[in-house]
Amino acid sequence: MDASNSPLRLEHIPSKGKGLIATKPLKAGQIVLTESPLLLYSASPLFSQPSYCDNCFRTLPTQTIPCPSCSHCKFCSQKCLYIALNSSHSSWSCQTLSYLQNKTSPLSTQPFEIQVQARFIVAVYNLLMHNPSHLNILLSLHGDPNEAILDSAKFLHSLVSPFCQKNMIFSDELAAKLIAKERINSFCLMEPYSQKGPQRSIKGYGIYPKATFFNHDCIPNACRFDYVDSSDENNTDIVIRLIKDVDVGSEVCISYFRINKDYSSRKRILMEDYGFACECDRCKIEANWNDDGESKSDLPHVCFLSKYVCDKKNCAGTMAPLPPKDDEASNVLECNFCGNLKVDNAT
Ligand SMILES: [Zn+2]
Ligand SMILES: [Zn+2]
Ligand SMILES: [Zn+2]
Ligand SMILES: [Zn+2]
């Protein structure tokens, strides 16, 4: 986004903080951001065996390659093992995680949420040991610790710090700051779509320092595509594609969850997980709804949902046009979760 021909610019937006603004007129289907993760970590509780590769997060094949030093981490290929041993699964991570995953670990009785935070702390400490310059990027992200985060940070840091050298920067306070950033800046890496379900399980989380500045809207003009299980080399990159045309100077927003959630669930999730009350056009209308049986099918956002929510069983992903070809908008919509394609007859 630093390049002068970038389609987006980071700007201060009144009552929202920072947000991403179109620097020129943008077309439906256009990809406005592709970004590699700064950090990835597993969403599995510590004492379960994930069904995906610990490096690339693709679903594991039947023949797996375990870490030679611990029994916990499994990889899909020698290449993934090699990459991980030199990055996310360094000897420090391996040793520290092995201790935390031991049967006598104080984490065995902790809730899943704390166990996933433990994975995050190991992943982020490991990242900062190898790339200290990433600390400034992480600390520049949104989010401040609350009481619960301060408590879990103290606990988790006390478990991990015996493995850290004395001269390192890590502390209770830093752990709390990092966990607070993790909460609201992470994107989910999803299990692949399955008709049978379970619905939308999460494999892991990724922190994408640019994509994290997309604000939320309940009628978004962009959505995020997830290609974790593709054979693409950059399968954990985040791809943000426009659902509709966007005028120069307008903000590009995504939805932080499935777009067909009802008003009360959206309100609760946005307040509990992201700490704000949404004031988008859809929320303003739905806040005043009373169930009087009146037909609402002519409201703009009802039309939006019927067009852009994927109707495949157990999916409810968001549909966005395929990227334009030779500046010509596509009339084919693609689901960002299951990949379903449908022709949009209205265009
Ligand atoms: Zn792999
Ligand atoms: Zn290991
Ligand atoms: Zn809203
Ligand atoms: Zn779908």
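Two strands are taken to pair if DSSP finds at least two bridges between them. With that in hand, the predicted model can be read from its sheets outwards to its domains.

A good place to start is strand β3, residues 31-35, which pairs with β11 in the antiparallel sense over four bridges. Within this pairing, L33 stands opposite I240 in β11. On the other flank, strand β10 (residues 222-225) and β11 are also joined by four bridges, again antiparallel. Here A222 faces L242 of β11, while R224 has I240 as its bridge partner in that strand. I240 thus appears in both pairings, opposite L33 of β3 and as the partner of R224.

Taken together, these three strands make an open sheet in the order β3-β11-β10, with antiparallel pairing. Because β3 and β10 stand at the edges and each has a single partner strand, one side of each is left without a neighbour in the sheet. Direction ignored, neighbouring strands of this sheet are turned by 20° against each other on average. As for the strand in the middle of that order, β11 spans residues 238-242, and four of its five residues are buried, so the strand is largely enclosed by the rest of the structure. As a general reminder, strands of a sheet pair through backbone hydrogen bonds, either parallel or antiparallel.

A further open sheet of three strands follows the order β13-β14-β15, and its pairing is antiparallel as well. Its edge strands are β13 (319-321) and β15 (341-343), each of which pairs on one side only. Neighbouring strands here are turned by 35° against each other on average, direction ignored. Strand β14, residues 332-335, runs antiparallel to β15 and is joined to it by three bridges. One of the residue pairs in question links E334 to L341, its bridge partner in β15.

Stepping back to the whole chain, the domain assignment gives domain 1, made up of 20-36 + 208-343, and domain 2, covering 46-187. Domain 1 is therefore written as two stretches of the chain, and domain 2 as one. The centres of the two domains, taken over C-alpha atoms, are separated by 30 Å. Where the domains meet, domain 1 contributes 12 residues to the contact and domain 2 contributes nine residues. On the side of domain 1 that touches domain 2, the residues divide into six nonpolar, three polar and three charged.

Conventions
Residues are numbered from 1 along each chain as its sequence is written. Chains are lettered from A and ligands numbered from 1 in the order in which they are written. This is a predicted model: local features need pLDDT of at least 70, side-chain atom pairs count only at pLDDT 80 or more; totals for chains, interfaces and linings use all residues. A residue is buried if 20 or more other C-beta atoms lie within 10 Å of its own, exposed if 12 or fewer, and partly exposed in between; C-beta atoms are placed from the backbone. Helices (H or I, at least four residues) and strands (E, at least two) are DSSP runs, numbered from the N terminus. Axes are lines fitted to C-alpha atoms, for helices over the stretch in contact, and angles run from 0 to 180 degrees between N-to-C directions. Domain bounds come from an automatic or database domain assignment. Two residues are in contact if their C-beta atoms, placed from the backbone, lie within 7 Å. Ala, Val, Leu, Ile, Met, Phe, Trp, Tyr, Cys and Pro count as nonpolar, Asp, Glu, Lys and Arg as charged, and the others, Gly among them, as polar.
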